[in-house]
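User: I am new to this structure and would like to learn how to read it. Could you take me through it feature by feature?

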Amino acid sequence: MLRYVFRRLLTAIPTLFVIVTAAFFLIRVAPGGPFNQERGLSPEIKANLEAQFGLNDPLWLQYVHYLGNLLRGNFGPSYNMPDFTVTELFARGLPISIQIGASALILALLLGSLLGTIAALNQNKIADYSVIAVAAAGSTIPTFVIAPVIQLLFGLTWNLLPIGGWGDGALLNKVGPVLTLALPQIAIVARLMRGSMIESLRSHHIRTARALGLSDWSVVVKHALRGAILPIVSFTGPAAAALLTGSIIVETIFSIPGIGRYFVDAALNRDYTLVMGTVVVIALFTIVFNLIVDVMYAVVDPRVRYD
Amino acid sequence: MVASETILSVKDLRVRFRTLDGAVEAVKGINIHVNAGETVAVVGESGSGKSQTMMAAMSLLASNGEATGVVDYRGRNLLTLSKSELNQVRGRKISMIFQEPMTSLDPLYSIGNQLIEPIRRHRGLGAAEAREEALKLLRLVQIPDPERRMKSYPHEMSGGQRQRVMIAMALANDPDILIADEPTTALDVTIQAQILMLLAELQRKLGMAIVFITHDLGIVRRFADRVYVMRCGEVVEEGEAEAIFVSPQHAYTKMLLAAEPTGTKAPPPPNAPVLLEGRNVEVTFRIGGGFLAGEPLMLRAVDHISIRLKRNQTIGIVGESGSGKSTLGRALLRLLPSDGLIRFGDRDISGADRQAMRPLRRELQLVFQDPFGSLSPRMTVGQVITEGLLVHEPTLSGRQRDLRAVEALREVGLDPNARNRYPHEFSGGQRQRIAIARAMILKPKVVVLDEPTSALDRSVQKQIVELLRKLQADHELSYLFISHDLAVVRAMADYIIVMKQGKIVEEGPTEAIFSNPQASYTQTLMNAAVDVTRFRLSA
């Protein structure tokens with residue numbers, strides 16, 4: 001197993017390299033540059049800035065420099081927020097995004113699995129239809145609708161939660177964004193869980209367990225649930241990577257200083273280094289979480305063995 | 001047989017399934033009883049309701065099923081018990097083993113864990129005591145090295161071993177009745193015999209009653225005291241096992257008893273030309289390997305096999321699962337890469353690629369075991385069987401193709417109107433006819449038949465065997481008949497190759513192999529098959 005993890009980490013290196021290379025050249029192909037949009041920038045100042053950041057060098061040289069810095073763990077300065085390096089921006093924003101994202105993920109997994117299981121056990125009954133209806137609503141209503149509704153109801157009407165802001169990480173400030181992020185995920189997990197639980201309940205070994213007179217609790221939780229959890233495990237990998245790296249919509253609407261907005265802001269401003277930093281962080285999260293998922297698979301299912 | 005008390009009696013049991021097409025009645029008011037310590041067989045073909053009867057008795061019906069009537073176990077109606085009362089009976093007083101040893105155990109828990117659970121639940125033992133009991137049970141069902149096996153997972157065991165574990169679980173709490181639902185159908189013949197012997201021996205030791213649900217009359221004759229013959233949800237005949245075999249009353253019982261394929265195939269004339277020849281054919285599968293994953297495991301599925309198939313000959317390839325018989329069939333048709341020489345007629349096709357093989361494909365056809373999976377569900381039967389003509393006779397007009405389809409369907413004994421319908425509208429036997437029509441429409445010379453009758457009921461098997469023989473006689477076909485079923489092979493083939501672990505252990509003319517098998521493996525195979533399935537109505 002250790003050997004497998006080691007092998008997977010090694011194969012991640014060429015993957016990352018390809019991603020970095022593709023992203024580097026793609027963002028350069030886009031018209032404009034980091035200092036084009038700013039009004040009132042005199043040509044001299046612009047030329048100075050570009051010279052300072054090495055933007056006048058041939059593209060391949062810039063690429064080589066960037067790779068070299070990256071290998072030393074240096075993401076470079078942000079072009080649009082010149083007071084900060086990209087590393088500093090992430091150091092401040094990433095923990096916030098991770099807190100919100102991880103809370104939403106855990107909430108979604110627990111609540112979604114519970115709802116899906118209840119639906120499966122009551123297939124084609126009222127409880128099942130209610131879960132399906134809620135799940136359909138949850139996955140079709142966009143977050144930019146859910147977020148303002150939460151702000152309106154909990155913040156303004158009932159005055160239970162702050163409308164927005166980070167509040168130095170106060171618990172109440174996190175409730176709104178976590179709920180907004182979690183709701184669509186709860187819907188997805190519930191639907192996945194319902195399907196795989198129905199299948200699991202129909203399997204032959206569940207029939208065996210019932211024929212042996214085992215209790216409902218053992219049949220459902222010990223035997224059916226563990227088999228049904230596998231699709232949820234595979235869903236969790238990409239979902240975790242997406243949630244933990246922040247959401248532009250949620251962070252913007254609730255005014256939270258996470259890193260979700262960097263990706264879009266940086267791309268629009270041609271803030272090359274920040275775009276690249278975001279790409280690397282998301283790629284790393286995706287690779288690591290997919291690896292964790294594969295390892296979890298082997299933990300849950302003894303048939304899965306990696307040499 | 002000592003008269004003993006009736007412990008289970010099923011009275012006017014009806015089982016209904018709600019489906020999209022309305023309610024379907026699977027069991028139509030049947031009466032069955034089981035006495036203490038006796039062996040009862042419930043016999044019938046697929047769809048007879050034999051399994052659903054026992055599923056209903058155990059409250060294991062699918063969620064859209066519903067049972068009415070009385071299932072009386074020692075004075076209590078199982079159908080009206082609460083769930084917790086029912087769970088005091090299930091697994092404790094009445095237990096059950098199933099047809100599917102590969103999937104009936106939970107793949108995620110060790111054997112020990114699964115064995116200990118029902119023991120603790122029903123007997124309230126502590127963990128250590130339950131573990132001792134579990135070990136005792138594994139010894140009882142003759143699992144070698146039980147200490148180590150406790151830690152094994154189901155996927156690490158063979159089908160026969162898994163069925164032994166199932167039996168151990170079922171017997172854990174010393175039940176009154178063991179219901180065995182086709183317990184050996186999915187196993188190889190030699191393993192079948194072992195499992196049946198084990199069950200008989202355990203019954204002698206422990207004295208429980210056994211209810212065999214089976215389609216296999218060999219099992220019935222050998223093991224059962226009494227028999228119920230079921231058809232379409234009704235019991236059509238019941239009585240002492242011996243009486244039913246000697247003088248069956250109902251026409252359906254007589255038909256079942258006569259359903260074993262009979263007859264033999266005469267060998268082709270000695271000067272018949274060799275159509276398909278393989279010399280030192282080898283197929284090797286590569287498992288695992290890759291970047292940093294170490295050396296791949298090489299598995300030789302077919303090991304130096306030579307075979308000569310003459311015109312109008314049928315070679316039966318016999319062997320248990322994993323013996324490489326299907327792989328050999330595919331390799332000879334160049335559907336798998338292989339080493340060695342393969343000749344078709346006077347052409348060397350060993351190195352022929354897909355492109356080069358295409359024009360030859362019409363003469364080399366293949367029919368598969370699974371008549372459900374091998375026909376595209378979204379094409380009409382007409383489209384399915386004429387598809388090959390589009391490739392091999394592209395000049396035919398639509399009208400001509402349609403005529404050929406009519407002809408092919410008539411030839412396999414189906415109504416030509418079938419060509420406008422879809423595969424799911426047909427039964428297993430009819431689908432196998434469609435699959436045969438698809439091969440025959442191209443007028444092939446060699447047909448590889450890969451277990452073509454294994455998924456079918458005995459009575460349908462017999463019809464398919466007769467159809468294949470007729471087609472062979474009409475068109476001078478050569479068959480490579482791959483099967484684990486010795487009775488069918490005996491009726492079909494004039495020459496037999498016995499395979500084990502990729503190698504030929506014995507070959508020769510059919511009658512010689514059956515009357516005087518040389519290799520000890522062949523003898524084991526024959527004995528197992530004779531023990532389990534052989535009987536003659538005339539006997």
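Analyst: This is a predicted model. Let us begin with a sheet in chain B. Strands of a sheet pair through backbone hydrogen bonds, either parallel or antiparallel. Here an open sheet of four strands runs in the order β2-β1-β4-β5 (chain B), and the pairing is antiparallel. Its edge strands are β2 (22-35) and β5 (76-77) of chain B, each pairing on one side only.

User: How many bridges join β4 and β5 of chain B?

Analyst: Strand β4 (residues 65-73) of chain B is joined to β5(B) by two bridges, in the antiparallel sense. In β5(B), Arg76(B) is the bridge partner of Tyr73(B).

User: How do I read the domains of chain B, and where do they lie along the chain?

Analyst: The assignment gives domain 1 (6-257) and domain 2 (274-376 + 446-533) of chain B. Over C-alpha atoms, the centres of domain 1 of chain B and domain 2 of chain B are 35 Å apart. Their contact involves 14 residues from domain 1 of chain B and 13 residues from domain 2 of chain B.

User: Which helices supply the side of domain 1 of chain B that touches domain 2 of chain B?

Analyst: At least two residues each come from α7 (189-206), α8 (217-223) and α10 (251-257) of chain B. Of these, α7(B) gives the most, with five residues. By residue type, that side of domain 1 of chain B has six nonpolar, five polar and three charged residues.

User: What does the UniProt record place on chain B?

Analyst: The unreviewed UniProt entry places the feature "domain: ABC transporter" at residues 8-257 and 276-526 of chain B. In the model, residues 8-257 of chain B are 39% helix and 28% strand, with end C-alpha atoms 28 Å apart.

User: Now chain A. How do I check the span of a helix?

Analyst: The general idea is a fixed rise for each residue. For helix α3 (residues 59-71) of chain A, 13 residues at 1.5 Å a residue should span 18 Å, and the end C-alpha atoms are 18 Å apart, which agrees. After α3(A) comes Gly73(A), whose phi is positive, near 80°.

User: Where does UniProt place transmembrane regions in chain A?

Analyst: The unreviewed entry gives the feature "transmembrane region" at several spans of chain A, including 131-154 and 174-193. Residues 131-154 of chain A are 92% helix and 0% strand, and the end C-alpha atoms of that span lie 23 Å apart. Residues 174-193 of chain A are 100% helix and 0% strand, with 27 Å between the end C-alpha atoms.

User: How many residues does each chain bring to the contact between chain A and chain B?

Analyst: Chain A brings 25 residues and chain B brings 30 residues. On the side of chain A that touches chain B, α1 (2-29), α8 (204-211) and α9 (216-228) of chain A each supply at least two residues. The largest share, six residues, comes from α8(A). That side of chain A divides into six nonpolar, 11 polar and eight charged residues.

User: Where in chain B does pLDDT stay under 50?

Analyst: Where pLDDT is low, the predicted coordinates should not be read in detail. In chain B, pLDDT stays under 50 over residues 532-539, for which the model has 16 contacts beyond four places in sequence. Chain B averages a pLDDT of 88, and 96% of its residues score at least 70. For the complex, the predictor gives an ipTM of 0.79 and a pTM of 0.81.

Definitions and conventions. Residues are numbered from 1 along each chain as its sequence is written. Chains are lettered from A and ligands numbered from 1 in the order in which they are written. This is a predicted model: local features need pLDDT of at least 70, side-chain atom pairs count only at pLDDT 80 or more; totals for chains, interfaces and linings use all residues. Two strands pair if DSSP finds at least two bridges between them. Domain bounds come from an automatic or database domain assignment. Two residues are in contact if their C-beta atoms, placed from the backbone, lie within 7 Å. Ala, Val, Leu, Ile, Met, Phe, Trp, Tyr, Cys and Pro count as nonpolar, Asp, Glu, Lys and Arg as charged, and the others, Gly among them, as polar. UniProt positions are given in the numbering used here, feature names are shortened, and annotations may be inferred rather than shown by experiment. The expected span of a helix is 1.5 Å times one less than its number of residues. pLDDT is the predictor's confidence in each residue, from 0 to 100.
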